[in-house]
Amino acid sequence: MGKTTLLLRLSYEIEHDHQLRNWLIPIVLKEEAYYGIRDLFKLWETVAQELEVKDRTFSGLTRQMREIQARCLRSQEDALFDAMSYERTCFEILIHALENRSKKILLFIDNLGEMLRNFSDQENLR
């Protein structure tokens, strides 16, 4: 009881603390925000979208990911999407963007266990 409120409160405290907000970006994913997250790459896309909303300097991250996804789909003869390769690329794009801005993210995920059940064993290990 009160998990979402606690996560939001922690997020607000970080955003209102001058020292923390200089380098730390809290991202809160409530249950309804991740119902569509069935693959690990979708989590990274969602985090990128949230970053773009919170900080304009991250603008273009999701576009960059979608362009790579489109290239992956076009380049494969049998039109099978290599989700594992795309997931790694999305993660690298995200990490690179954060490192370039000397930022870190703190993910607050309401009911993380439910989301993890959507992922494959391999995705959960990653």
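The expected span of a helix is 1.5 Å times one less than its number of residues. In this predicted model, helix 1 covers residues 3-16, and its 14 residues reach 20 Å from the first C-alpha to the last, close to the 20 Å expected.

Helix 1 has a buried side and a face turned away from that side. Its buried residues are Leu7, Ser11 and Ile14. These residues lie on the same side of helix 1 because they cover an arc of only 60° around the axis. An α-helix has 3.6 residues a turn, so residues three or four places apart point the same way. On the face turned away from the buried side are the exposed residues Thr5, Leu6 and His16. The cover over the buried residues of helix 1 includes helix 2 (18-21), strand 1 (24-29), helix 3 (40-54) and strand 2 (104-109).

The interior can be followed next through its nonpolar cores. The largest nonpolar core has 25 residues, of which Leu43, Leu51, Phe58, Leu61, Met65 and Leu94 touch the most other members. At least two residues of this core come from each of strand 1, helix 3, helix 4 (61-75) and helix 5 (83-100). Helix 3 gives the most, with 7 residues. Leu51 illustrates the contacts: leaving aside its neighbours within four places in sequence, Leu51 is in contact with Ile25, Ile27, Phe58, Leu61, Leu94, Leu98 and Ile105.

There is also a second, separate core of 5 residues, among them Ile14, Leu24, Val28 and Phe108. Ile14 is also one of the buried residues of helix 1. In soluble globular proteins, nonpolar side chains tend to be buried together.

Definitions and conventions: Residues are numbered from 1 along each chain as its sequence is written. This is a predicted model: local features need pLDDT of at least 70, side-chain atom pairs count only at pLDDT 80 or more; totals for chains, interfaces and linings use all residues. Side-chain values use heavy atoms; hydrogens and water are left out. Helices (H or I, at least four residues) and strands (E, at least two) are DSSP runs, numbered from the N terminus. Buried means under 20% relative accessible area, exposed over 50%, partly exposed in between (1.4 Å probe, protein chains only). The arc is that of the directions from the helix axis to the C-beta atoms. Contact means heavy atoms within 4.5 Å. A nonpolar core is a set of buried Ala, Val, Leu, Ile, Met, Phe, Trp, Tyr and Cys residues joined through side-chain atoms within 4.5 Å.
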